[in-house]
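Visitor: I am new to reading structures, and I would like to go through this one slowly with you. Could you show it to me before we begin?

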Number of protein chains: 2
Amino acid sequence: MRPTDIPKVRALPMFANVSGDTFSRVTGSAYLQRFPANTTLLLEGDPVDFLYVLLEGQVELQGTWKDKETTLTILRPVSTFILAAVVLDADALMSARTLDRCEILMISGDAIRQNMAEDAVFAVAIARELSGCYRGLVRTIKNQKLRGGVEQHANYLLTLRAKSGGGDKVHLPHEKRVLAALLGMTPENLSRAFATLGGYGVEVNGAEVRLGKLRDLERLARPDPLIDNYAPRAPLLAEADAEVWSTEHQRTGAA
Amino acid sequence: MRPTDIPKVRALPMFANVSGDTFSRVTGSAYLQRFPANTTLLLEGDPVDFLYVLLEGQVELQGTWKDKETTLTILRPVSTFILAAVVLDADALMSARTLDRCEILMISGDAIRQNMAEDAVFAVAIARELSGCYRGLVRTIKNQKLRGGVEQHANYLLTLRAKSGGGDKVHLPHEKRVLAALLGMTPENLSRAFATLGGYGVEVNGAEVRLGKLRDLERLARPDPLIDNYAPRAPLLAEADAEVWSTEHQRTGAA
DNA sequence: CAGTGTAGTTGATGGAAATCAAGAAGTCCT
DNA sequence: AGGACTTCTTGATTTCCATCAACTACACTG
């Protein structure tokens, strides 16, 4: 199957309203690649030649400094990443690593930049995508700086609930140690955070979590539309807005 | 003087390579406005009708949650802000407040969006600007999550030095309490951080700081091009990349 | 000039989270 | 089934930072 034939690619917000011509030119030289788990796709500081589109699996974006490491976000399909670096033809500020086996479409950065210059519709779509990514990061920073660990975690669970349609059961999409990294805490403290939330009706059983006293949990978490993105199907905390696009997929972008 | 006649506006990266026609259409209905100090220009959650261009004074972008407040960045001329919200025609995620008396150019959001759709060159320039803003936030998050208070502060001083051309004296551009907020700490702890840095040759005298033992300070700070933006004249930590634009001004953007 | 207010510093204390250490439960392998 | 490995949890300790409180220096004001 050629990349241009993959419907989820065509359905990406960055191709919304874009002509078939431009779409083919952009994706014409793209190729689909499979990666095993724990593969580094891109190291921070590397030049970026491709826009990555995650079609299957999970990818972690991380930054390091002085042998410390932090997880910026975890992507799930369908998401694009390192768009900003592609647009500027700059070096990556974050590393990208597969968590699972992944299926990834790689689109030539040159093709992106060239077609932006020639097609205003496409350029606008990219600008909107970037705006969403930017706002996702603003949310992340507010979440980080304004909330304590337990509050962040409570909001994470509520966001997860909202995205899965709103029952009282929620399924954790990552291992707990990965989740801890995502929330910016140690696995130990995530464990303790779960324990604390027990007092608010949260019952954990492996990856299955029941939110027993929603009201109590919400009073603790105080979810805020200007921090938490309850928009339809956006994958995670650090994700792009889905405010504008009501199309059918998840979104992201980075570096 | 009409907005279109202000050279610093025309020199903004978002107008680089843009035709005079588009430039006039975008800025034609813009107007210049003066604000006193401590004026809230925009409250988080508000719809955003204008792109703001800061020509004089300082503006703080902040976020709040549950009567806590955090400073996301402090802007200095010439900077644009809330570009992302304008592009998406969305509500602001941060509040904007003047710190000084300010002179601000307000450009119609509609005009921006419409001209993006009609002029690919302009749309590309906006996309590049957004990419720079995005990368600025990535840097901010890495700085936040990977470094402790003293390390952040040391790097702040070094960045300041680099931007002022590199002598051993540095002038703090903000009051210390504002600086503390910017670095995400309390004024008390900034004071203590300065005291600690005394051991690394840092001598403070009001707003004047001497970096006596650069080598020592650098060994502590470990500046990193993937976090700190030493690029020419970019104003502050949280600022956009200046990697691509070598034109003559400072850059920013937000929300 | 006294009087008020704000910025900045310094010290003492408390709380949140990282770290260190150990143990429990589960998975994969042969 | 046994053994090695990993994840997750729990407890004890340390580190970092916020908070509270007191005090200094300086500017502005009547």
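Guide: Let us start with Asp89(B), which is partly exposed, with a relative accessible area of 49%. Please keep in mind throughout that this is a predicted model.

Visitor: Where in chain B does Asp89(B) lie?
Guide: Its surroundings can be described by the elements on either side, since the residue itself belongs to a loop. Asp89(B) lies between helix 3 (83-88) and strand 7 (95-98) of chain B, and the place asked for is therefore the loop between helix 3 and strand 7.

Visitor: What is the phi of Asp89(B)?
Guide: Most residues other than glycine have a negative phi. Asp89(B) is a residue other than glycine, yet its phi is positive, with a value near 55°.

Visitor: Is Asp67(A) buried or exposed?
Guide: Asp67(A) also has a positive phi, of about 50°, although it is not a glycine, and its place is in the loop between strand 4 (59-65) and strand 5 of chain A. A residue counts as exposed over 50% relative accessible area. Because Asp67(A) has a relative accessibility of 81%, it counts as exposed.

Visitor: Which residue does a cis peptide bond join to Pro77(A)?
Guide: Most peptide bonds are trans. Here, however, the bond has an omega of about -10° and is cis. The partner lies in the loop between strand 5 (68-75) and strand 6 (79-81) of chain A, and the residue joined to Pro77(A) is Val78(A).

Visitor: What is the omega of the peptide bond from Pro77(B) to Val78(B)?
Guide: In chain B, Val78(B) lies in the loop between strand 5 (68-75) and strand 6 (79-81). The peptide bond that leads to Val78(B) from Pro77(B) is cis, and its omega is near -10°.

Visitor: How many charged residues does the surface near DNA strand D have?
Guide: Helix 7 (176-182) and helix 8 (187-198) of chain A, together with helix 8 (187-198) of chain B, each supply at least two residues of this surface. Sorted by class, the surface has one nonpolar residue and six polar ones, while the number of charged residues is seven.

Visitor: Which residue has a backbone N or O atom 2.9 Å from a phosphate oxygen of DNA strand D?
Guide: Of the atoms of DNA strand D within 4 Å of the protein, 64% belong to sugar or phosphate and the rest to bases. Bases are approached by side chains of Arg192(A), with a polar atom 3.2 Å from a base nitrogen, and of Glu188(B), with an N or O atom 3.2 Å from a base nitrogen. For the phosphate oxygen, the backbone atom at 2.9 Å belongs to Gly149(B).

How values were computed. Residues are numbered from 1 along each chain as its sequence is written. Chains are lettered from A and ligands numbered from 1 in the order in which they are written. This is a predicted model: local features need pLDDT of at least 70, side-chain atom pairs count only at pLDDT 80 or more; totals for chains, interfaces and linings use all residues. Side-chain values use heavy atoms; hydrogens and water are left out. A residue is near a molecule or strand if one of its heavy atoms lies within 4 Å of it. A polar contact is a pair of N or O atoms within 3.5 Å; within protein, one must be able to donate a hydrogen and the other to accept it, and residues adjacent in sequence count only if both atoms are side-chain atoms. Helices (H or I, at least four residues) and strands (E, at least two) are DSSP runs, numbered from the N terminus. Ala, Val, Leu, Ile, Met, Phe, Trp, Tyr, Cys and Pro count as nonpolar, Asp, Glu, Lys and Arg as charged, and the others, Gly among them, as polar. Buried means under 20% relative accessible area, exposed over 50%, partly exposed in between (1.4 Å probe, protein chains only).
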